[in-house]
Amino acid sequence: MKTLRLLSAALRIISVITFGASLFFGWVFYQLYLKWVFRFEDGRYFDPVEGVVYHDSNFVSGIISLFLFLLSVVLWLLASKLGLYVKGSVIPPARITADDRKTKDSRRRP
């Protein structure tokens, strides 16, 4: 039980870290791609104010952001499921057998 608690806590921490990384890469995606997407000409845009050339290939940071967000959601859900097992509110399906069901039914009958 102690290892499950530790694993659940570790998964939640990793989930929060990946969510933070997802936010960072989402911000990078906005700064390098979404801000300039309608101004691209032949896959690039030159910003005369900043003197920077933005390329159409900067959408990769958006893919990374989406992947990290989905990973953080999956890890959080997995940690929540493990937390339910630790608290004892969920009985693993392998522990309930047909014999257990028969004994419970026989106890209920007068």
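Biologist: Which residues of α1 are buried?

Modeller: In this predicted model, the buried residues of α1 are Ser8, Leu11, Ser15, Thr18, Ser22, Val28, Phe29 and Tyr33. A general idea helps with reading such a list. An α-helix has 3.6 residues a turn, so residues three or four places apart point the same way.

Biologist: How many residues does α1 have, and how far does α1 reach?

Modeller: The helix has 33 residues, and from its first C-alpha to its last it reaches 46 Å. That is close to the 48 Å expected at 1.5 Å a residue.

Biologist: Let us take one of those buried positions. Why does serine 15 count as buried?

Modeller: The cut-off for buried is under 20% relative accessible area. Serine 15 has a relative accessible area of 3%, so this residue is buried. Serine 15 sits in helix α1, and beyond its neighbours within four places in sequence it is in contact with Ser72, Leu75 and Trp76.

Biologist: Ser72 is on that list. Is serine 72 buried or exposed?

Modeller: Buried: its relative accessibility is 3%. Serine 72 belongs to helix α2. With residues up to four places away in sequence left out, serine 72 touches Ser15, Thr18 and Phe19.

Biologist: What other pairs could I look at, and how far apart are the C-alpha atoms of arginine 5 and glycine 83?

Modeller: Those two are 6.8 Å apart in space, C-alpha to C-alpha, while 78 residues separate them in sequence. Arginine 5 is in helix α1 and, at 55% relative accessibility, counts as exposed. Another pair is leucine 78 and arginine 12, which are 66 residues apart along the chain, with 8.7 Å between their C-alpha atoms. Leucine 78 is in helix α2, and its 43% relative accessibility makes it partly exposed.

Biologist: And over the protein, what share of the contacts with a separation of 6 or more comes from residues 24 or more positions apart?

Modeller: Such residues account for 61% of those contacts.

Biologist: Now the surface. Which residues make the nonpolar surface patch?

Modeller: Phe19, Leu23, Leu66, Phe69, Leu70, Val73 and Leu77 make a patch of about 650 Å². The elements giving two or more residues to the patch are α1 (2–34) and α2 (60–87). The most comes from α2, with five residues. For a single member, look at leucine 23: this residue lies in helix α1 and counts as exposed at 53% relative accessibility.

Biologist: What is the accessible surface of the whole protein?

Modeller: About 8,600 Å², and 67% of that belongs to carbon and sulfur atoms.

Biologist: From surface to interior, then. Which residues form the largest nonpolar core?

Modeller: Here the idea is to follow buried nonpolar residues that are joined through side-chain atoms. The largest such core has six residues: Phe29, Tyr33, Trp36, Phe40, Tyr45 and Tyr54. Phe29 and Tyr33 are also among the buried residues of α1. If you centre your viewer on tyrosine 45, you can find its contacts with Trp36, Arg39, Phe40, Val52, Val53 and Tyr54, leaving aside neighbours within four places in sequence.

Biologist: To finish, how many helices and strands are there, and what pattern do they follow?

Modeller: The protein has three helices and two strands. Read along the sequence, they run α-β-β-α-α. Of its 110 residues, 22% count as buried.

Methods: Residues numbered from 1 in each chain as written. Predicted model: local features only at pLDDT ≥ 70, side-chain atom pairs only at ≥ 80, totals over all residues. Heavy atoms only, no water. Patch = residues over 30% accessible without salt bridge, like charges linked within 9 Å, V, L, I, M, F, W, Y side chains within 5 Å. Areas by Shrake-Rupley, 256 points an atom, 1.4 Å probe, with all protein chains shown as cover. Salt bridge = Lys/Arg side-chain N within 4 Å of Asp/Glu carboxyl O. Helix = DSSP H or I, 4+ residues; strand = E, 2+ residues; numbered from the N terminus. Buried < 20%, exposed > 50% of the residue type's maximum accessible area, 1.4 Å probe, protein only. Core = buried A, V, L, I, M, F, W, Y, C linked by side-chain atoms within 4.5 Å. Contact = heavy atoms within 4.5 Å. Expected span 1.5 Å × (residues − 1).
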